[in-house]
Amino acid sequence: MKTTFIWDSTLATGFSEVDLQHKKLVSIIEDVRLALNSESKNYTLAISKALKSLMDYTEYHFSEEEALMKKHGYPSLDAHKKEHVAFISQVRELLSSINTQNREAGEKFYSFLGTWLFAHIARSDKAWAVYIEGKQK
Ligand SMILES: [Fe+2]
Ligand SMILES: [Fe+2]
């Protein structure tokens, strides 16, 4: 499977720390793609490493972002948190379907990760960014 998800400036929120975290998430998703493509004998180790860093960093990023929204009194914080929670649980659900015998499920999993992240940044993260920026003027 080819690389599909590449960060570009259209995804910038204007909050440099958050943008760095998003770039890091994109690179972790790329690591997941590489792990999904790895040979069967390396697969289990590669996947478990990549998924651990995906889960750890996602949770770190979500909590940083939620703290920022809270600090600035973002009115849609709860709805935004729900999107984060739903993502984590969808990832957990899809995890059980991926293995070396099912490369197609791996592709779907990769595509879900990138599609979700890009759509979430473009719509939901930019919404809080615009709100906070507006307040600071
Ligand atoms: Fe978010
Ligand atoms: Fe985000």
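In this predicted model, Leu51, Thr58, Phe62, Glu66, Met69 and Lys70 of helix H2 are in contact with Leu77, His80, Lys81, His84, Ile88 and Leu95 of helix H3. By class, the residues of this contact are 6 nonpolar, 3 polar and 3 charged. Helix H2 packs against helix H3, which covers residues 77–95, at an angle of about 175°, and their axes lie 10 Å apart. Since angles over 145 degrees count as roughly antiparallel, H2 is therefore roughly antiparallel to H3.

Helix H2, residues 40–71, also packs with helix H1, residues 16–36, here at an angle of about 160° and with the axes 9 Å apart. These two helices are therefore roughly antiparallel to each other as well, and their crossing is left-handed. On the H1 side the contact is made by Val18, Gln21, Lys24, Leu25, Ile28, Asp31, Val32, Ala35 and Leu36, and the residues they meet in H2 include Ala46, Ile47, Leu54, Tyr57 and His61. The residues of this contact divide into 12 nonpolar, 4 polar and 4 charged.

A further partner of H1 is helix H4: the axes of H1 and H4 come within 9 Å and cross at roughly 170°, which makes H1 roughly antiparallel to H4. His22, Leu25, Ile29, Val32, Arg33 and Leu36 of H1 meet Gly106, Tyr110, Leu113, Gly114, Leu117 and Ile121 of H4.

The make-up of the three contacts can be set out as follows.

| Contact | Nonpolar | Polar | Charged |
|---|---|---|---|
| H1 with H2 | 12 residues | 4 residues | 4 residues |
| H2 with H3 | 6 residues | 3 residues | 3 residues |
| H1 with H4 | 8 residues | 3 residues | 1 residue |

The largest nonpolar core has 14 residues, and those touching the most other members are Ile29, Val32, Leu36, Tyr110, Leu113 and Leu117. Two or more residues of this core come from each of H1 and helix H4, the latter spanning 103–136. Leu36, one of the core residues just named, is in contact with Ile47, Ile98, Gly106 and Tyr110 when its neighbours within four places in sequence are left aside.

Away from the core, Lys41 lies in helix H2, and it counts as exposed because it has 9 C-beta neighbours inside 10 Å. Lys41 and Thr100 are 59 residues apart in sequence, while their C-alpha atoms are 9.3 Å apart in space.

Notes: Residues are numbered from 1 along each chain as its sequence is written. Chains are lettered from A and ligands numbered from 1 in the order in which they are written. This is a predicted model: local features need pLDDT of at least 70, side-chain atom pairs count only at pLDDT 80 or more; totals for chains, interfaces and linings use all residues. Axes are lines fitted to C-alpha atoms, for helices over the stretch in contact, and angles run from 0 to 180 degrees between N-to-C directions. Helices (H or I, at least four residues) and strands (E, at least two) are DSSP runs, numbered from the N terminus. Angles under 35 degrees count as roughly parallel, over 145 as roughly antiparallel, 65 to 115 as roughly perpendicular and the rest as oblique. A crossing is left-handed if the near helix is turned anticlockwise from the far one by less than a right angle, and right-handed if clockwise. Two residues are in contact if their C-beta atoms, placed from the backbone, lie within 7 Å. Ala, Val, Leu, Ile, Met, Phe, Trp, Tyr, Cys and Pro count as nonpolar, Asp, Glu, Lys and Arg as charged, and the others, Gly among them, as polar. A nonpolar core is a set of buried Ala, Val, Leu, Ile, Met, Phe, Trp, Tyr and Cys residues joined through C-beta atoms within 7 Å. A residue is buried if 20 or more other C-beta atoms lie within 10 Å of its own, exposed if 12 or fewer, and partly exposed in between; C-beta atoms are placed from the backbone.
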